[in-house]
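Thanks, everyone. I have one model to walk through, and I will go from a single residue outwards.

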Amino acid sequence: MAACALRRGLLSTVTKYNRKHTHRILSVADSSSGFDVYGPRFQCRACGLSGSGGVQQRRFMSSRNRPEGKILETVGVFEAVKQHGKYETGQLFLHSVFGYRGIVLFPWHARLYDRDITPPMSDSKPEPPGAHGSKEVKGKTHTYYQVLIDTRDCPHISQRSQTEAVTFLANHDDSRALYAIPGLDYVSHEDILPYNSTEQVPIQHELFERFLMYNPAKSPPFTARDTLKAWQEKNHPWLELSDVHRETTENIRVTVIPFYMGMREAQNSHVYWWRYCIRLENMGNEVVQLRERHWRIFSLSGTLETVRGRGVVGREPVLSKEQPAFQYSSHVSLQAPSGHMWGTFRIERTDGSHFDVRIPPFSLESNKDDKAPPAGYTF
């Protein structure tokens with residue numbers, strides 16, 4: 001409901017309106033969802049327009065839970081969306097798809113492999129053994145951001161997007177354990193809807209004040225503390241986002257981001273671990289539901305494994321125009337330092353018919369040096 005309401009209210013304004021204008025953001029929460037769209041009125045601070053002339057204008061509202069009822073509060077003012085360049089540390093934003101409030105910690109430069117772009121014939125290369133399709137694309141540089149999610153919004157997006165986007169291996173004395181840091185996410189540049197706020201602590205997250213400080217002389221007015229710089233430097237290997245893979249089948253776009261997590265020894269052999277984040281997005285108008293997954297996992301050791309199952313992470317999400325996206329993370333291990341994964345999702349239409357959506361092939365590559373658990377964190 002949160003992502004649905006925010007998407008209708010925010011995207012219709014920001015993407016269809018002149019991006020040079022700034023917009024006032026307000027908030028209202030209802031008892032069931034925490035967010036909703038309040039009225040068709042929206043005021044542009046730059047030109048003074050307020051909800052007339054063919055522009056679909058809305059206000060984003062929120063509230064505090066107080067005994068006397070709902071209290072409307074100003075959240076902030078929209079800023080111009082950056083078509084070029086990147087957002088700086090401390091930039092406040094709304095996620096254009098999932099609707100949560102967040103703040104940018106630092107950018108990553110990833111290689112985006114978009115299989116929807118047809119490469120020249122001369123650039124075509126063989127694919128991994130057994131992989132579907134017949135093309136391989138060259139990666140282009142694309143900006144992603146490490147961000148903090150406002151914990152007030154996490155309950156409202158939990159059915160659409162996992163907020164435990166960063167996981168890591170435990171210490172060597174317990175090689176089976178995985179830990180997660182809640183409220184950290186990776187956000188693509190085009191999903192950032194920037195805004196500013198006069199609050200000195202506009203985002204609620206246990207790491208906010210450890211990583212950022214308020215500095216009204218700066219723009220944005222939140223700058224990195226030394227603790228954030230040290231944390232980024234020490235934990236760069238296990239946080240690093242390097243490759244992003246994307247492919248669309250019948251208006252369902254699948255984006256995959258793999259992360260190497262490290263190696264552990266088990267029964268006199270080495271086991272290499274990766275996590276992968278997957279986002280499914282319905283780019284069309286038809287309502288569909290994910291029913292099954294079918295994975296093929298190839299290891300450098302020469303093994304090829306097939307995995308089939310119902311849904312993903314115990315869910316069978318519905319993708320509609322109102323709630324178009326679902327994002328989750330999972331893990332895979334190999335007894336070899338590299339491999340490949342690819343597969344399909346079985347999607348069901350409302351009339352009961354099915355079609356398969358391709359999961360773009362992606363590499364599982366290990367780093368030369370093993371990774372320690374994240375520095376500066378005690379569990």
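Start with L228. L228 sits in helix α4. This is a predicted model, so read every value as computed. L228 counts as buried because its relative accessible area is 1%, under the 20% cut-off. What does L228 touch, once residues up to four places away in sequence are set aside? The list is T89, L105, F106, F211 and L212. Take L105 from that list. L228 and L105 are 123 residues apart along the chain, yet their C-alpha atoms are separated by 8.1 Å.

Now the helix itself. Helix α4 covers residues 226-239. Which residues of α4 are buried? They are L228, W231, N235, W238 and L239. Keep the general geometry in mind here. An α-helix has 3.6 residues a turn, so residues three or four places apart point the same way. Helix α4 also bends, by about 45 degrees, at E233. A proline, P237, follows within four residues of that bend.

Two of those buried α4 residues come back in the core. The largest nonpolar core has 49 residues. Which members touch the most other members? Y100, I103, L105, W231, L239 and L241 do. So which element gives this core its largest share? Strand β6, residues 101-114, with seven residues. There is another core, lying apart from this one. That other core has 28 residues, including I252, Y272, W274 and L364.

Next, a histidine. H205 is in the loop between β11, residues 192-196, and α3, residues 208-211. Is H205 buried or exposed? Buried, because its relative accessibility is 11%, and the cut-off is under 20%. The H205 side chain reaches the backbone oxygen of P182 at 3.1 Å. P182 also appears in the contact list for H205, along with L148, I149, T151 and G183. That list leaves out neighbours within four places in sequence.

Now some backbone details, for anyone who checks torsions. The peptide bond from S219 to P220 is cis, with omega near 0 degrees. Where is P220? In the loop between β12, residues 212-214, and β13, residues 222-224.

Then look at E250 and N251. E250 is in the loop between β14, residues 243-249, and β15, residues 252-266. N251 is in the loop between β14 and β15 as well. Neither is a glycine, but phi is positive at E250, about 50 degrees, and at N251, about 70 degrees. How covered are they? E250 has a relative accessible area of 48%, so E250 counts as partly exposed. N251 is partly exposed too, at 45%.

Last, the whole chain. How many helices and strands does the protein chain have? Four helices and 22 strands. Of its 379 residues, 51% count as buried. Now take contacts between residues at least 6 apart in sequence: 68% of them join residues at least 24 apart. The L228 and L105 pair, 123 residues apart along the chain, is one to look up in the viewer. As for the surface, the protein chain exposes about 18100 Å². Carbon and sulfur atoms supply 47% of that area.

That is the tour, from one leucine in α4 out to the full chain.

Definitions and conventions:
Residues numbered from 1 in each chain as written. Predicted model: local features only at pLDDT ≥ 70, side-chain atom pairs only at ≥ 80, totals over all residues. Heavy atoms only, no water. Core = buried A, V, L, I, M, F, W, Y, C linked by side-chain atoms within 4.5 Å. Buried < 20%, exposed > 50% of the residue type's maximum accessible area, 1.4 Å probe, protein only. Helix = DSSP H or I, 4+ residues; strand = E, 2+ residues; numbered from the N terminus. Bend = angle between axes of the 7 residues up to and from the residue. Contact = heavy atoms within 4.5 Å. Areas by Shrake-Rupley, 256 points an atom, 1.4 Å probe, with all protein chains shown as cover. Polar contact = N/O pair within 3.5 Å; in protein donor to acceptor, adjacent residues only side chain to side chain.
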